[in-house]
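Me: Got a model to go through. Can you talk me through what stands out?

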Amino acid sequence: MKELTVTRKLTISALVVALYVVVMTTTRSFAFGQYQVRVATSLYALSGIFPFLVLPLGFANFLSNALMGGLGPLDMIGGILVGLLTSGAIAAFRRSPRAPWIAAAAITLIPGLGVPLWLSYLLHLPYFVLAASLLIGQAVAGVFGGLLLAVLKKRLAAAGDQRS
């Protein structure tokens, strides 16, 4: 498959950001609870196919926290950092034969252990209590993300794409 043009990259980026926000909106009833099952974070796995999505996925998290989070600037900034770290780690290991497993681990562990750093401050709750509940919720998204990446890599390999 030939290299994507800038226009196609921008289009894919915009679609992924929109999809992330739509998924967050439709799942907000359980994406912001005690066990934050953020299905939208499984989309971070897409950076394992399209590494240019690292910045848009970080922005998508920022936007979701700004529109739905209600915890202010610290949560929005923390969200973009966690989004960048998670999707960046997935992009960095995209050529590994274990990329889907790495994606699942990154989607589970980086937000699960990172987000409680500021949520414990904002909510006045112990870090380890928040981390335990967030890790449970993020494990669901991690499994979905790993499966998403595995399926996409398999389909691209079958189609003869050399990018993955």
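Reply: A term up front: buried means under 20% relative accessible area, exposed over 50%, partly exposed in between (1.4 Å probe, protein chains only). This is a predicted model: local features need pLDDT of at least 70, side-chain atom pairs count only at pLDDT 80 or more, and totals for chains, interfaces and linings use all residues. Residues are numbered from 1 along each chain as its sequence is written, and side-chain values use heavy atoms, leaving out hydrogens and water.

Me: Which residues of α1 are exposed?

Reply: Thr7, Arg8, Leu15 and Thr26. Helices here are DSSP runs (H or I, at least four residues), numbered from the N terminus.

Me: And which ones in α1 are buried?

Reply: Ser13, Val16, Val17, Tyr20, Val21, Val23 and Met24. They line one face of the helix, because they fall within an arc of 165 degrees seen down the axis. That arc is taken from the directions from the helix axis to the C-beta atoms.

Me: What do the buried residues of α1 pack against?

Reply: Against α2 and α3. Contact means heavy atoms within 4.5 Å.

Me: Switching topic. Where is Gln36?

Reply: In the loop between α2 (28-31) and α3 (54-69). Gln36 counts as buried because its relative accessibility is 12%.

Me: What does Gln36 touch?

Reply: Phe30, Ala31, Leu119, Leu134, Gly137 and Gln138, not counting residues up to four places away in sequence.

Me: How much helix is there over residues 100-121?

Reply: 100%, with 0% strand and end C-alpha atoms 33 Å apart.

Me: And over residues 43-64?

Reply: 50% helix, 0% strand, with end C-alpha atoms 13 Å apart.

Terms used
Helices (H or I, at least four residues) and strands (E, at least two) are DSSP runs, numbered from the N terminus.
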